[in-house]
Amino acid sequence: MGRPRGSSGKKRKRVMVKFITRKTEANGKITEPYRIMEEIIKTRRADLKDVKIGITWRLGWRPDADGRRFLGYCRKRGDLDRELDQWDFIILLNEDAWPTFSDKQKERLIFHELGHAQLSLDSNGQPKRDDRGRLICRIRKHDIEDFRDVVEIYGWKEDLQDLAERGIADASRPLLAEAEKKAAEKKTAEAKAADRSTQNAKRRTKDKGMAATVAAEEAKDED
Ligand SMILES: [Zn+2]
């Protein structure tokens, strides 16, 4: 069945999003994406339990110039959006890709998208609220982001971002960095000294043993 045509006979513009209701109209069962999301929130993301997250199919998501196709996307709603409806976040799911995934892969995708959904916290680690009492939300960026060839050549364990943060922090407080360096050197020196004294003790024991053997042999000679 083709798309409906307008009065000019041309196909009408295709709408690329389709909101998923939490429950099916037919039997009132919770729809799969919500069921998966709610299970994740219950077991692993209790911080999101009061956050309103809607899920929407995204249709016809084509691969970009690099051949990457969006599988999902987590969108934070702005103040104007929230003025109009209840949703704090909307997760878009690629409607074409979804049926190609196993249960575990669907869970992984939703867990990933929920990873972007975060609450802003105050200095006491409590969620911040706006003057309407609503939770303030933010989007978390990926903490692992690289190219396949970089990972293949250099591995992904060395986190340059982390390294740079530490280096820059050290550079901005040279005295503290110096003190930390000295403390680390002292620790190494102490460890070496402890190691030396253990070795000396071993040697002494060995020498003593040797002396005893020599003494015993000398005593034997005297026999
Ligand atoms: Zn992502």
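**Exercise 1.** State which strands α3 lies across and at what angle it runs to β3.

*Solution.* α3 lies across β3 and β4. Its direction makes about 25 degrees with β3. Contact here means C-beta atoms, placed from the backbone, within 7 Å. Angles run from 0 to 180 degrees between N-to-C directions, with axes fitted to C-alpha atoms, for helices over the stretch in contact. Helices (H or I, at least four residues) and strands (E, at least two) are DSSP runs numbered from the N terminus.

The model is predicted: local features need pLDDT of at least 70, side-chain atom pairs count only at pLDDT 80 or more, and totals for chains, interfaces and linings use all residues. Residues are numbered from 1 along each chain as its sequence is written.

**Exercise 2.** Describe the sheet and place α1 on it.

*Solution.* Begin with the order: the open sheet has four strands, β1-β2-β4-β3, with mixed pairing. Two strands pair if DSSP finds at least two bridges between them. β1 (17–20) and β3 (72–76) are the edge strands, each pairing on one side only. Next, take β2 (residues 53–58) and β4 (residues 89–94): they run parallel and are joined by six bridges. I55 stands opposite I91 in β4. Finally, α1 packs on the sheet, where it touches β1, β2 and β4, and its direction makes about 140 degrees with that of β2.

**Exercise 3.** Describe how α1 and α3 meet.

*Solution.* The axes of α1 (residues 32–43) and α3 (residues 103–116) come within 10 Å and cross at roughly 60 degrees. On the α1 side, P33, I36, M37 and I40 meet K106, E107, I110, F111 and L114 of α3.

Technical notes
Contact = placed C-beta atoms within 7 Å.
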